[in-house]
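I set aside this page for notes on a model I had open today, going through charged pairs, cysteines, a helix and a surface patch in turn.

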Amino acid sequence: MDQATTVDVLIIGAGFSGLGAAIKLVEEGFDDLVVVERGSDVGGTWRDNSYPGAACDVPSHLYSYSFALNPEWSRAFSPQGEIYDYIRRVTHAAGVRDKIRFGVEVTSARYDDTRERWTVETTAGEYDARVVVLGVGALCEPKNPEIDGISEFAGPVFHTARWDHSVPLADRRVAVIGTGASAIQVVPSIAPVVGHLDVYQRTAPWVLPRMDRAYPRFERALYRRVPGLQRAVRALQYVSREFQVVGLTRNRAALAPISALGRANLAMSVRDPALRAKLTPNFEIGCKRILLSNGWYRALTRKNVDVVTAPISRVTPEGIVTADGAEHPADVLVVATGFHVTDSPFFERVHDSAGRTLADKWASEGMEAYKGTTVAGYPNLFVLVGPATGLGHSSMIYMIESQLNYLVDALRTMRDRGLQTVEVREAVQDAYNRELRESTGETVWVTGCKSWYLDAKGNAPAVWPDFTFAFRRETREFDLSAYRRTAVDGAGTENPTGTPTGQAAAL
Ligand code: NAP
């Protein structure tokens, strides 16, 4: 068998989080680092989600790394291609591309208590790493619907995150299943092209207008010459989004103006009362992600588009049969049914020293980490975009950068103090999550709708239930006292009460 590649830090994934980790760690002098990426390029979700109309619904200036602002965004809300190019440019400029091994998929990561290191099996051999950083993202594993007969469908079937660009849609009958953030971007883009479009809606989303506009050349030049101006615009975008947190997490009455805007948007866009009734949401605004689109409602009023609200019974080779017995012929089936978030299959590949997987631990005990990043029982593992870091209202890059501060300070602390391992104390993690659960209990996300924020038990372990600056504050510094630790030479582990002994007592 080939020898394992020994590396100090192994980062899994080269999307925004994994790349950010590589850039920040290399900057801090952690050069013995490898990034493994299953795809053939950087970009993660922005590489994979190339469906027609894909764009970011967080403003461009805010949806970028704070250390790599981009004055050249063409619009207020950037299209996918521009974000993908941005990530590639940043990777190149930061000089970390040669750290990335493309086409390498991790099949298992196992911590070894005796060696105090991780053994990571991949499709291209084994890595032996001291520290593992999970940068696999939360919205990366497409969730395909389990519908009777779907595998028998005669035409192409693909998920929005795996768009098959070789399939022509012009003049064909297309069915789109789902009405979430992805579907509302796809549908307006393909509706003018296809012959007929059936949109299968299980739950009508809240949709607000998207205040989008192209940035004229002079404005971009201004951002280029006066970076402070771009920072000011970014700060304004950040603050205005943060206001939503009051309504989402503390006082739902504060969401009333937003729901009024949503209702007005629907009333002004859809004149037909029957269609409007179908499209009227029946849950509290904010419970699911609030969607932004200027084209969604208009697309649904087109003559060649039908909104089907009867539940899907089964798929036949020719199309879809709904519970009312109607048969809806289709040539192409697009599933816009979201992602495995709290049940990501990747968690099945991460094992503690006793062989227990993160998937098993989180399924039975709840998806919990400490500060969204570290997990008791899994030393030297840092999870980016981990539990309780998801957002519905603002930029995930802000949360990622907060975690990067924590990660870099953790590794710096370990280096300065000669530590081999750190592992969050279970009691600290439990207390942290007790508080989080109490806060989440007050939020709009647990008011009865279904969303990817929730786990099978109806808790919302995926979302951060507070202002994002509160998360930034709590991740500013690595709090070593919350961790059990061992020294580099193996001396001085802790006794079961958590009291350091030997050399560790002095660390
Ligand atoms: P999603 O929000 O989870 O929506 C999935 C949709 O599919 C929902 O309408 C759901 O209906 C429906 N669905 C699921 N299973 C179904 C089934 N078996 N039969 C019928 N309908 C079914 O997924 P998404 O639209 O891909 O978005 C996921 C997340 O990705 C977003 O919340 C957002 O965070 C991110 N995203 C961001 C952007 C952006 O602009 N930044 C764009 C796209 C996606 P129910 O509502 O009834 O469950």
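Entry 1, salt bridges. I began with Arg 38, which is partly exposed at a relative accessible area of 33%. I kept in mind throughout that this is a predicted model. The partner I found for Arg 38 is Glu 141, and the closest N and O atoms of this salt bridge are 3.2 Å apart. Glu 141 sits in the loop between β6 (125–134) and β7 (157–159), while Arg 38 sits in the loop between β2 (33–37) and α2 (45–48), so the bridge ties together parts 103 residues apart in sequence. Unlike its partner, Glu 141 counts as buried, because its relative accessibility is 15% and the cut-off for buried is under 20%.

I then looked up Asp 212, which forms a salt bridge with Arg 75, with 3.0 Å between the closest N and O atoms. This pair also links distant parts of the chain, since Asp 212 is in the loop between β10 (207–208) and α5 and Arg 75 is in the loop between α2 and α3 (80–94), 137 residues apart. I noted Arg 75 as partly exposed, at 28% relative accessibility.

The next pair I checked was Arg 437 with Glu 368, whose side chains meet in a salt bridge at 2.3 Å, N to O. Arg 437 belongs to helix α13 and Glu 368 to the loop between α11 and β18, so the two tie together parts that lie 69 residues apart in sequence. Arg 437 is partly exposed at 41% relative accessibility, whereas Glu 368 is buried at 13%.

I also wrote down a network of salt bridges that links Glu 28, Asp 409, Arg 412 and Arg 415. The count for the model comes to 29 salt bridges.

Entry 2, cysteines. How many disulfides does the count give? I found one disulfide, and it joins Cys 287 to Cys 449 with an S to S distance of 2.1 Å. Cys 287 lies in the loop between α9 (273–278) and β11 (291–292) and Cys 449 in the loop between α13 (426–440) and α14 (468–474), so the bond ties together parts 162 residues apart in sequence. The torsion about the S-S bond of Cys 287 and Cys 449 is about -95 degrees, so I recorded the disulfide as left-handed. Both Cys 287 and Cys 449 are buried.

Cys 56, by contrast, is in no disulfide, and the nearest cysteine sulfur, that of Cys 140, is 17 Å away. Why is Cys 140 not bonded to Cys 56? The closest cysteine sulfur to that of Cys 140 is in Cys 56, and at 17 Å it is too far for a bond. I noted that Cys 56 is buried at 3% relative accessibility, and that Cys 140 is buried at 13%.

Entry 3, helix α11. In this helix, residues 358–365, I found Leu 358, Ala 359, Lys 361 and Trp 362 buried. They cover an arc of only 165 degrees around the axis, which puts them on the same side of α11. Their cover includes β17 (350–351), β18 (381–383) and α13. After α11 comes Gly 366, with a positive phi near 95 degrees.

Entry 4, surface patch. I last looked up a nonpolar surface patch of about 210 Å², made by Leu 222, Val 226 and Leu 229. Leu 222 is placed in helix α5 (residues 217–225) and counts as partly exposed, at 39% relative accessibility.

Conventions. Residues are numbered from 1 along each chain as its sequence is written. This is a predicted model: local features need pLDDT of at least 70, side-chain atom pairs count only at pLDDT 80 or more; totals for chains, interfaces and linings use all residues. Side-chain values use heavy atoms; hydrogens and water are left out. A disulfide is a pair of cysteine sulfur atoms within 2.5 Å. Helices (H or I, at least four residues) and strands (E, at least two) are DSSP runs, numbered from the N terminus. Buried means under 20% relative accessible area, exposed over 50%, partly exposed in between (1.4 Å probe, protein chains only). The arc is that of the directions from the helix axis to the C-beta atoms. Contact means heavy atoms within 4.5 Å. Patches are made of residues with over 30% relative accessible area and no salt bridge: like charges are joined within 9 Å, nonpolar side chains (Val, Leu, Ile, Met, Phe, Trp, Tyr) within 5 Å. Accessible areas come from the Shrake-Rupley method with a 1.4 Å probe; for residues, only the protein chains shown count as cover.
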